[in-house]
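Reader: I would like to work through this model feature by feature, beginning with how exposure is read for a single residue. Could you give the general idea each time and then the case at hand?

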Amino acid sequence: MVDKGQSNRSIFLGDKWMCEKGLLSEDNLVVKKQWWWNLTLQELRLSAPLTVLPLVSIKKTIQILKEKAFDQAPVVDDTRQILGMVTLGNMLSSVLAGKLRPSDPISKVLYKQFKQVRLTDNLGKLSRILETDHFALVVNKKIQCKSSF
C-alpha cells in the first residue's frame with residue numbers, strides 16, 4: 001500500500017556533524033564544558049609516537065608493540081607520510097583467523113580511515129572525536145626547508 005499523503009520527514013543535524021563540516025564552531029556550542037575543554041593537546045606534552053614502516057612484518061610489529069606496551073601505532077613511509085594505523089588486536093585476530101600470516105607486511109592490516117588532530121587543537125575537539133571513534137592520530141605540522149645552492 002502506498003500512502004499518497006504528505007510524508008513527515010525531518011532532518012536532524014547534530015552539533016558534532018555540523019562542527020566536522022565547518023558549519024558550526026566548537027565555541028558556539030551551548031554545552032557544559034569541562035575544565036580541560038579548551039586546553040590544547042600541546043599542553044599535554046605528548047612524547048613522540050612510535051611509528052612503523054609498512055614493510056615490517058606483522059610478527060615483528062606485534063613484538064615491538066608488546067615490548068613498548070603500546071596497542072597501536074601509525075604506519076609511515078620513508079618520507080614520514082602517514083599511511084594508516086595498525087592495532088595489536090586487528091593484527092592478532094587477522095593472524096588467528098588465518099587471513100594473514102605473521103610474515104606478511106603490516107601494510108596488509110592498515111586502518112586507512114582515521115581522524116587527525118593537531119597539537120594546536122583543544123581537548124574538547126579530541127573528546128568529541130573519541131565519542132564515536134576508537135582513536136585519533138595527533139599530527140604535528142611539518143616544516144620543510146629547501147635550500148638552493
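Author: A residue counts as exposed when its relative accessible area is over 50%. This is a predicted model, and in it Arg45 has a relative accessible area of 75%, so Arg45 is exposed. Arg45 sits in the loop between α1 (15–20) and α2.

Reader: What is the phi of Arg45?

Author: Most residues other than glycine have a negative phi. Arg45, which is not a glycine, has a positive phi near 50°. Arg80 is likewise not a glycine and has a positive phi of about 70°, and its place is the loop between β1 and β2. That loop belongs to the hairpin of β1 and β2, which has five residues between the strands. With a relative accessible area of 47%, Arg80 is partly exposed, because the exposed class begins over 50%.

Reader: In which sense do β1 and β2 pair, and over how many bridges?

Author: Pairing is read from the bridges between two strands, and then from the sense in which the strands run. β1 and β2 pair over five bridges in the antiparallel sense. Two of the partners can be followed in the model: Pro74 has Met85 of β2 as its bridge partner, and Val75 stands opposite Gly84, also in β2. As for the surroundings of β1, four of its five residues are buried, so the strand is largely enclosed by the rest of the structure.

Reader: Gly84 makes me look across to Gln113; how far apart are their C-alpha atoms?

Author: Here one sets the separation along the chain beside the distance in space. Gln113 and Gly84 are 29 residues apart along the chain, while their C-alpha atoms are separated by 7.2 Å. Gln113 is found in the loop between α3 (88–96) and β3, and with a relative accessible area of 76% it counts as exposed.

Reader: Is Thr61 buried or exposed?

Author: The cut-off for a buried residue is under 20% relative accessible area. Thr61, which lies in helix α2 (residues 58–68), has a relative accessibility of 0% and therefore counts as buried. Once neighbours within four places in sequence are set aside, the residues in contact with Thr61 are Val52, Val56, Val86, Met91 and Ile106. For one of these, Ile106, the sequence separation from Thr61 is 45 residues, and the C-alpha to C-alpha distance is 7.5 Å.

Reader: How do β3 and β4 run, and how do the side chains of β4 point?

Author: β3 and β4 run parallel and are joined by four bridges; in one of the pairs, Gln116 has Leu137 of β4 as its partner. For the side chains, one follows the strand residue by residue and asks which face each points to. Those of β4 alternate, with Leu137 and Val139 buried and pointing to one face, whereas Ala136 and Val138 point to the other and are not buried.

Reader: What is the volume of the largest pocket, and which residues lie nearest its centre?

Author: A pocket is read from its volume, its lining and the elements that supply that lining. The largest pocket has a volume of about 1,100 Å³. Its lining is made of 34 residues, with Pro49, Pro74, Leu137, Val138 and Val139 lying nearest the centre. The elements that contribute two or more residues to this lining are β1 (72–76), β2 (82–87), β3 (115–118), α4 (123–130) and β4 (136–139). By residue class, the lining of the largest pocket divides into 20 nonpolar, eight polar and six charged.

Reader: Finally, how many helices and strands does the chain have, and in what order do the elements run?

Author: The chain has four helices and four strands, and from the N terminus on its elements run α-α-β-β-α-β-α-β. Of its 149 residues, 28% count as buried. When contacts are restricted to residues at least 6 apart in sequence, 54% of them join residues at least 24 apart. The accessible surface of the chain is about 11,600 Å², with 53% belonging to carbon and sulfur atoms.

Methods. Residues numbered from 1 in each chain as written. Predicted model: local features only at pLDDT ≥ 70, side-chain atom pairs only at ≥ 80, totals over all residues. Heavy atoms only, no water. 1 Å grid on protein atoms, 1.4 Å probe; cavity = no way out; pocket = protein on both sides within 12 Å on 5 of 7 lines; lining within 4 Å. Points joined across faces, edges and corners; volume = space filled by probe spheres on them. Nonpolar A, V, L, I, M, F, W, Y, C, P; charged D, E, K, R; others polar. Buried < 20%, exposed > 50% of the residue type's maximum accessible area, 1.4 Å probe, protein only. Pairing = 2+ DSSP bridges. Contact = heavy atoms within 4.5 Å. Areas by Shrake-Rupley, 256 points an atom, 1.4 Å probe, with all protein chains shown as cover.
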